[in-house]
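Subject: Structure handover

Hi,

Here is the structure I promised to pass on to you. Have a look at it first, and then read my notes below.

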Amino acid sequence: MYNPKSLKAEEFINDLEIRETLAFADENKDNLELIDSILEKAKERKGLSHREASVLLACDNEDKIKEMYNLAEQIKKDFYGNRIVMFAPLYLSNYCINGCKYCPYHISNKHIARKKLTQEDIRREVIALQDMGHKRLAIEAGEDPQNNPIEYILECIKTIYSIKHKNGAIRRVNVNIAATTVEEYRMLAEAGIGTYILFQETYNKESYEELHPYGPKSNYAYHTEAMDRAMEGGIDDVGLGVLFGLELYRYEFAGLLMHAEHLEAVHGVGPHTISVPRVKHADDIDPDAFDNGIDDEIFAKLCALIRISVPYTGMIISTRESKQVREKVIRLGVSQISGASRTSVGGYCEPEPEDENSEQFDVSDKRTLDEVVKWLMEMGYIPSFCTACYREGRTGDRFMSLCKSGQIQNCCHPNALMTLKEFLVDYASEDTKRIGEALIEAELNNIPKEKVREICKENLVKIEQGIRDFRF
Ligand code: SF4
Ligand code: SF4
C-alpha cells in the first residue's frame, strides 16, 4: 500500500504506485488540457507531485516540451539567479565489500588498484585542492568496515577541516558513504558535515537486487530507508540521486520524486540536493552492458522536470558529463557542478601511472578549475564558492524557510561575489581575473538590498587587502 508517511521502503517507494503512475502518464501524454493545467500549477513554483511530473515526462509534444524548458529556465533564474556553486569530490578509499555491477570498486574486481589515503595523503590532497581554489568537498569511500570504518571517515573529516594552507580552507565537507546506522549518522552530524549524499542507484527493487548481488548494500530496504536514519541522527541536509541508465528512466524519475515527497511528509523538509549521474565507462564497466541508457535529449528533459518539480532542491552535475552537456543542463536547472575532478584515490597530487588505475568512472570534462570558472563567466554565470548557509546554521528547515521567503537572494548573490573575489585574488590566471573583476562590478548592481550591496562592496575591498571569509 502506497504511503508517503510510512517509514517502510516498500510503502513510500511503492512499486504499484509507480506502475500506476506510469500508466496514468501514458494515458495522458497527449491530454493537452491536463498538461496545460500541470504547467499552470508548476508556474506557482510550489513543485509538482510525482504523478503530475510523470505526465510531463511522458508528453512528447514539441511545443509543450519547449514550454517545460522555458519554465525550468525561468524557475532556475528566479531561485538560483546566474550563480553556480562549485565543488570537488575527494576519494578517500576504494576498498569495498559490495558487489555493485556498475561500479569498478566492487569486491570481485581483482585487478583495480586498491588504495586508501592516510591522513598525510589527505593533507597533500587537500592542499592541492585548496591551491586550485576549492572550498567545498564531497568525500567518497567504498563500504568496508575493516578498511573504512566510521572512525577513519571521522578522522579524515577532522583532518580536512584542520588544513589551512595559505589563504585556503575547506569550509564544507559533504559526505558520500554507504548507508549506515542512526548512531553513525549522529557521529557524522557531530563532526560538522554538510550534506549527507547517498544515491539510490535504482528505485526498482527487483533491478536493485539484481545489480547488488551481495554485500551489505544488497539490502534494498536498509539502503532506501537510510535518509530517514540520517535525519533521525541529526543530519539536516540530505542529497538524493539515481544512476540513470540502470533502469527505465521514467520509473527512476517517479521514484526519485516519491522519495522527495516522503522526506517532506515525514521530516517536514525535502532533499537538499538531487544528483543526476549517468552510467559511464570505467575499469571493467561497459555502459553498453546496461540497456536503459538515456540520450542527451532525455537527460536534459529530466533535468528541466526535476527543476520544475522540486524548485527548492539544488541539482548537481559532475564531470561525468561533457562540457557540451553541462552547458545545456546548467541553463535548465543545475545549480552545483564539480570542477577539475579526479575520481581516483589520491588523484589530485599526482596523476596515476597507467598501470595503477583506481578511478571510479571516466571523467568527460577534464578542464582545470580556472578554465571551468572562466567558461562559466563567459556564459554569464557567477561561479560561487559559497558555503555560508551551513556555517550560519541555515540547514534543513531553516534553509528551506529562508529559500521560500525569497530572501536567500540577499545572501547567495553577495556571497557568490565575495567568494569569487577570493578565487580571483588567490588562484585565478590573469585572463580569468580580468573577466571576473568585470563580472563582479556589473553583478554588484543585482544585489537587491542597498545595505547588503554596500557591505558587500566594503568586503570586496577588504578581500583585496588580504582578509578572508566574509559571508551573509
Ligand atoms: S558503488 Fe559504492 S558500494 Fe558499490 S561497489 Fe562502488 S564503492 Fe562499493
Ligand atoms: S548563501 Fe546558502 S544557499 Fe546561497 S549559495 Fe551560499 S550556501 Fe548556498
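Below is what I found, going from the domains to the ligands and then to one helix.

One thing to keep in mind from the start: this is a predicted model.

**Domains**

The domain assignment cuts the chain into domain 1 (9-76), domain 2 (81-388) and domain 3 (404-464). The centres of domain 1 and domain 2 are 27 Å apart, taken over C-alpha atoms. Where the two meet, 27 residues of domain 1 are in contact with 27 residues of domain 2. On the domain 1 side, α1 (9-12), α2 (15-27), α4 (50-58) and α5 (62-80) each put in at least two residues. The most comes from α5, with eight residues. As for the chemistry, that side of domain 1 has 17 nonpolar, five polar and five charged residues.

**The two ligands**

Ligand 1 has Cys96, Asn98, Cys100, Cys103, Tyr105, His106, Gly142, Glu143, Ala178 and Lys217 around it. By class, this shell has five nonpolar, three polar and two charged residues.

Around ligand 2 you will find Val85, Ser384, Cys386, Thr387, Ala388, Cys389, Ile408, Cys411, Cys412 and Asn415. Seven residues of the shell around ligand 2 are nonpolar and three are polar, with no charged ones. Which domains does this shell draw on? Domain 2 (81-388) and domain 3 (404-464) each give at least three residues to the shell around ligand 2. In terms of helices, α16 (388-391) and α18 (409-426) each supply at least two of its residues, and α18 has the largest share, with three.

**Helix α19**

The last stop is α19 (residues 430-443), a helix of 14 residues. From first C-alpha to last, α19 reaches 20 Å, close to the 20 Å expected at 1.5 Å a residue. Its buried residues are Thr432, Gly436, Leu439, Ile440 and Glu443. Why do these line one face of the helix? Looking down the axis of α19, the buried residues fall within an arc of 100°, so they line one face. The face turned away from that buried side carries the exposed residues Glu430, Asp431, Ala438, Glu441 and Ala442.

And what covers the buried residues of α19? The cover includes α15 (369-378), β9 (382-384), α18 and α20 (450-464). You have already met α18 in the shell around ligand 2, so to speak of it twice is no slip.

Best wishes

Notes
Residues are numbered from 1 along each chain as its sequence is written. Chains are lettered from A and ligands numbered from 1 in the order in which they are written. This is a predicted model: local features need pLDDT of at least 70, side-chain atom pairs count only at pLDDT 80 or more; totals for chains, interfaces and linings use all residues. Domain bounds come from an automatic or database domain assignment. Two residues are in contact if their C-beta atoms, placed from the backbone, lie within 7 Å. Helices (H or I, at least four residues) and strands (E, at least two) are DSSP runs, numbered from the N terminus. Ala, Val, Leu, Ile, Met, Phe, Trp, Tyr, Cys and Pro count as nonpolar, Asp, Glu, Lys and Arg as charged, and the others, Gly among them, as polar. A residue is near a molecule or strand if its C-beta atom, placed from the backbone, lies within 6 Å of it. The expected span of a helix is 1.5 Å times one less than its number of residues. A residue is buried if 20 or more other C-beta atoms lie within 10 Å of its own, exposed if 12 or fewer, and partly exposed in between; C-beta atoms are placed from the backbone. The arc is that of the directions from the helix axis to the C-beta atoms.
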